[in-house]
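Good morning, everyone, and thank you for making the time. Please have the sequence and the structure open in front of you, since I will go through them one part after another.

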Amino acid sequence: MMRRVCALLFSLLLGGCALYGAEGSHRYLVTQQFVIDGPGLKLWVPLPLESGYQKASDLAVEGNFERKAVNADSTYGAQMLHLAFAPQQKHNTATVRFTVEVHDRKADFNRSGVKASTEELAPYRAGSEHIRIDGVVKAYAERITTGETDDLQKARRIYDWTVQNMFRDPKTRGCGLGDAYQSLESGYLGGKCADVSAVFVALLRAAGIPAREVFGIRVAKSKYSKAYGVKSADITTAQHCRAEFYIEGTGWIPADPADVTKLILVEGLDRDSERVKAEAERQFGNWEMNWFAYNSARDFVLTPAPVQFPLSIFSYPYAERGDEPLDYYSPKNFTYTITVKELP
């Protein structure tokens, strides 16, 4: 694990490798600006993950901070920039820039021979505070997959159930709490992307299939629907959570049931319409990369450890002023902005 974390940090700091193929590839320059008043400020900023479909480079950090460090947590490898400001300093500023290069994902369901290690899959088999896989979650998973023995078909049943039964609640704050057990126990299946993805992932894990949410942010328009894209270069509130599941032989398979529920709401569609059926089919095994990923971490501890832990989701900047966590769902009060520019 340590070797993998070091490789990720090295790549981010010194520049990632080019992705193969131009079709479906995009490069984005992302800029995050922070202007936060008050003494004793500590700030953690999520950084992009490194994978076969995404490379990050050219990290640059400016501001009146006292110390900076790039760290990664030891369980999920989630990368983060930590900035510490002078204890008595009352006006704190920072600008964080990086380039991220992404490539559209399309699962090859005929692929074979992929085998991840037990160590790599372990965090994505187990439950956590917000991804419990016992009790009502286990009961739902058993009911949905009854009689099916093939893992890919089990995953498809769980995906179809999630799309058919969950809905996007626009009143939900941020991306939602992402508490799968609470959603299923309460019977209220409304929420946003973190809620939908959490239920999908928890049901998969309860069925014995490794799965994980992937937290990131939208950075461009979509060629499929206005529901999936951003409207401007200001992406401060464009965070979005997707999901992946692992099938031995095939590897990690992307899916996005949450965006199907958003499509239904934004375009005013009937859940059983041909348009929704087609998009649900496309979103099982594909990601349009007008988005990039930060991490798959849930219920973990930032590095260095803040006052508040574990942290449920790390797709927003996190800060503490003294011992007081700032509200990352309120960028106007926090205060931060995130902007993007697509590069040639």
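I would like to begin with a pair of charged side chains, those of Arg282 and Glu279, which meet in a salt bridge with a distance of 2.7 Å from N to O. Before going further, I should say that this is a predicted model, and that is worth keeping in mind throughout. Arg282 and Glu279 both belong to helix 8, where they are three residues apart, or about one turn of the helix, and both of them are buried.

In general, side chains of opposite charge can pair when their charged atoms come close. Glu279 has another such partner, for its side chain also meets that of Arg275 in a salt bridge, this one at 4.0 Å from N to O. Helix 8 covers residues 274-283, and because Glu279 and Arg275 are four residues apart in it, about one helical turn separates them. Is Arg275 buried, or is it partly exposed? With a relative accessible area of 31%, Arg275 counts as partly exposed, because the term buried is kept for values under 20%. Glu279, by contrast, has a relative accessible area of 5%, and so it is buried. If we put these residues together, we find a network of salt bridges that links Glu267, Arg275, Glu279 and Arg282.

Arg282 also takes us to the next feature, a cavity. The count comes to one cavity of 30 Å³ or more, and the volume of the largest cavity is about 30 Å³. Its lining is made up of Tyr228, Arg242, Asp259, Arg282, Gln283, Trp287 and Glu288, so that Arg282, which we have just met in the network, appears here as a lining residue.

Asp259 in that lining is also one of the buried residues of helix 7, and that helix is where I would like to go now. How many of the ten residues of helix 7 are buried? Eight of the ten residues are, and helix 7, which covers residues 257-266, is therefore largely enclosed by the rest of the structure. The buried residues are Pro257, Ala258, Asp259, Val260, Thr261, Lys262, Leu263 and Ile264. Let us take Thr261 as an example from helix 7: its relative accessible area is 3%, which means that it is buried. Leaving aside residues up to four places away in sequence, Thr261 touches Met166, Phe167, Arg168 and Val196. The C-alpha atoms of Thr261 and Gln164 are separated by 8.7 Å, although these two residues are 97 residues apart along the chain. After helix 7 comes Gly268, which has a positive phi, near 60°.

Let us turn from helices to sheets. One open sheet has four strands in the order 12-11-10-14, with antiparallel pairing. Its edge strands are strand 12, residues 251-255, and strand 14, residues 291-295, each of which pairs on one side only. On average, neighbouring strands of this sheet are turned by 40° against each other, if direction is ignored. Strand 11 and strand 12 run antiparallel and are joined by five bridges, and Ala243 has Ala255 in strand 12 as its bridge partner.

Two helices lie across strands of this sheet. Helix 4, residues 151-165, lies across strand 11 and strand 12 and runs at about 155° to strand 11, while helix 6, residues 193-206, lies across strand 10, strand 11 and strand 12 and runs at about 15° to strand 11.

There is a salt bridge here too, between the side chains of Glu244 and Arg212, at 2.7 Å from N to O. This pair links distant parts of the chain, since Glu244 is in strand 11 and Arg212 is in strand 10, 32 residues apart. Both Glu244 and Arg212 are buried. For the structure as a whole, the count comes to 17 salt bridges.

The last stop is another open sheet of four strands, with the order 3-6-1-17 and antiparallel pairing. Strand 3, residues 54-63, and strand 17, residues 336-343, stand at the edges with a single partner strand each, so one side of each has no neighbour in the sheet. From one strand to the next, the twist averages 15°. Strand 1, residues 25-37, pairs with strand 17 in the antiparallel sense over eight bridges, and Gln32 has Ile338 in strand 17 as its bridge partner.

Definitions and conventions
Residues numbered from 1 in each chain as written. Predicted model: local features only at pLDDT ≥ 70, side-chain atom pairs only at ≥ 80, totals over all residues. Heavy atoms only, no water. Pairing = 2+ DSSP bridges. Axes fitted to C-alpha atoms, helices over the stretch in contact; angles between N-to-C directions. Buried < 20%, exposed > 50% of the residue type's maximum accessible area, 1.4 Å probe, protein only. Contact = heavy atoms within 4.5 Å. 1 Å grid on protein atoms, 1.4 Å probe; cavity = no way out; pocket = protein on both sides within 12 Å on 5 of 7 lines; lining within 4 Å. Points joined across faces, edges and corners; volume = space filled by probe spheres on them.
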